[in-house]
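Me: Please take a close look at the pocket linings of this model. Then move on to the side-chain contacts.

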Amino acid sequence: MSPGTDRGPVVPALRSARAVVFDTDGVLVDSARVHAAAWKAAFDAYLSGLPPGTADAPARRPFDAAGEYRRYVDGRSRRDGAAAFLAARGLPADPAAVEAVAADKERHFTRRLSERPVDAYPGSVRLLRALRAAGVPVAAASASRHARGLLERSGLLGLLDALVDGVEAARLGLPGKPDPALFLEAARRLGVPAGRCALVEDALAGVEAGRRGGFGPVVGVDRGASPATAEALRRHGADLVVADPAELLAVRGERPS
């Protein structure tokens with residue numbers, strides 16, 4: 001890609017970027033739905049098992065795998081997500097409770113992955129290949145310890161110049177989203193300042209992290225094409241919102257899918 005020209009492979013909003021950092025779940029691979037289902041199984045089991053008198057009926061209602069997933073756990077580490085949800089319900093978020101829910105979520109997620117592997121999104125693959133062909137460095141970042149395995153099994157690992165996953169985040173002691181540390185580490189590994197890196201992310205906590213970290217532009221991905229979700233992504237820091245990363249392509253003769 002030649003930044004600032006009309007011959008680049010991407011839309012004008014992305015042409016000032018010298019590198020691109022991608023979130024993994026829900027952006028590169030179709031794994032966000034698996035995370036949401038695993039969280040629901042873990043939270044619902046925890047809520048139904050609360051001793052009588054621990055919480056009122058509203059606090060015990062089943063986990064909303066759409067709205068509450070997006071608000072409290074999407075894009076966050078397992079422990080941060082568990083703590084955020086329990087606190088939002090007015091329930092004790094002590095280390096023992098958080099660890100119990102996080103461990104149960106991990107078991108459900110691992111089992112679901114073994115039953116049905118996830119695939120890469122075709123539009124994201126097209127964008128990655130176009131960026132690599134143009135010599136644009138690309139990285140993936142994720143709070144999940146499963147990110148490397150998901151990217152490898154879906155054939156995307158070889159299209160990346162760098163990866164910062166949950167294993168690396170733990171090793172380096174990086175705080176989770178909405179702190180930008182995960183994405184800043186990815187930009188550092190690409191050798192490009194955050195201000196010259198685009199960030200592509202579907203989670204509210206992630207776009208907020210991109211804004212805090214000074215990434216530009218921050219692209220929100222709303223695969224459900226929901227006006228409410230798109231507006232929420234903008235409020236949290238997205239400069240533009242797309243239904244699929246392929247919409248960022250502007251190659252002659254090629255239409256976004």
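Reply: The pockets come first, then the aromatic pairs, the charges over rings and the salt bridges.

This is a predicted model, in which local features need pLDDT of at least 70 and side-chain atom pairs count only at pLDDT 80 or more, while totals for chains, interfaces and linings use all residues. Residues are numbered from 1 along each chain as its sequence is written, and side-chain values use heavy atoms, with hydrogens and water left out.

Start with the largest pocket. It holds about 500 Å³ of space. Its lining has 30 residues, and those closest to the centre are Arg76, Ser77, Arg78, Ala143 and Ser144. Five elements each give two or more residues to that lining: α1 (32–48), α3 (67–73), α4 (78–88), α5 (95–115) and α8. Twelve of the lining residues are charged, nine are polar and nine are nonpolar.

Some terms need their cut-offs. A pocket is found on a 1 Å grid over the protein atoms alone: it is an open set of points with protein on both sides within 12 Å along at least five of seven lines, whereas a cavity is a set where a 1.4 Å probe fits but cannot get out. A lining residue has an atom within 4 Å of a point. Grid points are joined across faces, edges and corners, and the volume is the space filled by probe spheres set on the points. Ala, Val, Leu, Ile, Met, Phe, Trp, Tyr, Cys and Pro count as nonpolar; Asp, Glu, Lys and Arg as charged; the others, Gly among them, as polar. Helices (H or I, at least four residues) and strands (E, at least two) are DSSP runs, numbered from the N terminus.

The second largest pocket has a volume of about 370 Å³. Of its 20 lining residues, Ala66, Tyr69, Arg70, Asp74 and Asp202 lie closest to the centre. Both α1 and α3 supply at least two residues of this lining. The largest share, four residues, belongs to α3. By type, the lining has eight charged, seven nonpolar and five polar residues.

Now the rings. The whole structure contains six aromatic pairs. One of them joins Phe43 and Phe63: the pair is tilted, 4.9 Å centre to centre, with 45 degrees between the planes. Phe43 lies in helix α1 and Phe63 in the loop between α2 (57–60) and α3, so the pair ties together parts 20 residues apart in sequence. Rings of Phe, Tyr and Trp (its six-membered ring) pair if their centres lie within 6.5 Å; planes under 30 degrees apart are stacked, over 60 edge-to-face, the rest tilted. Phe43 is buried at 0% relative accessible area, and Phe63 is buried at 2%. Buried means under 20% relative accessible area, exposed over 50%, and partly exposed in between (1.4 Å probe, protein chains only). Ring pairs also link Trp39, Phe43, Phe63, Tyr72 and Phe85 into a cluster.

Charged ends sit over rings too. Lys105 places its charged end over the ring of Phe109, 4.6 Å from the centre. Arg223 does this with Tyr121, at 3.3 Å from the ring centre. The test asks for NZ of Lys or CZ of Arg within 6 Å of the ring centre and within 35 degrees of the ring normal.

Salt bridges come last. There are 18 of them, each a side-chain nitrogen of Lys or Arg within 4 Å of a carboxyl oxygen of Asp or Glu. Arg132 and Asp161 form one, at 3.3 Å from N to O. Arg132 is in helix α6 (residues 122–133) and Asp161 in the loop between α7 (147–153) and β3 (162–164); the pair links distant parts of the chain, 29 residues apart. Arg132 is partly exposed at 34%, as is Asp161 at 44%.

Glu168 and Arg171 meet at 2.8 Å, N to O. Both lie in helix α8 (residues 166–172), three residues apart, about one turn. Glu168 is buried at 16%, while Arg171 is exposed at 57%.

Glu208 and Arg212 form a salt bridge as well, with the closest N and O atoms 2.6 Å apart. They are four residues apart in helix α10 (residues 204–212), so about one helical turn separates them. Glu208 is partly exposed at 22%, and Arg212 is exposed at 53%. Elsewhere, salt bridges with shared partners join Glu168, Arg171, Glu185, Arg188 and Arg189 into one network.
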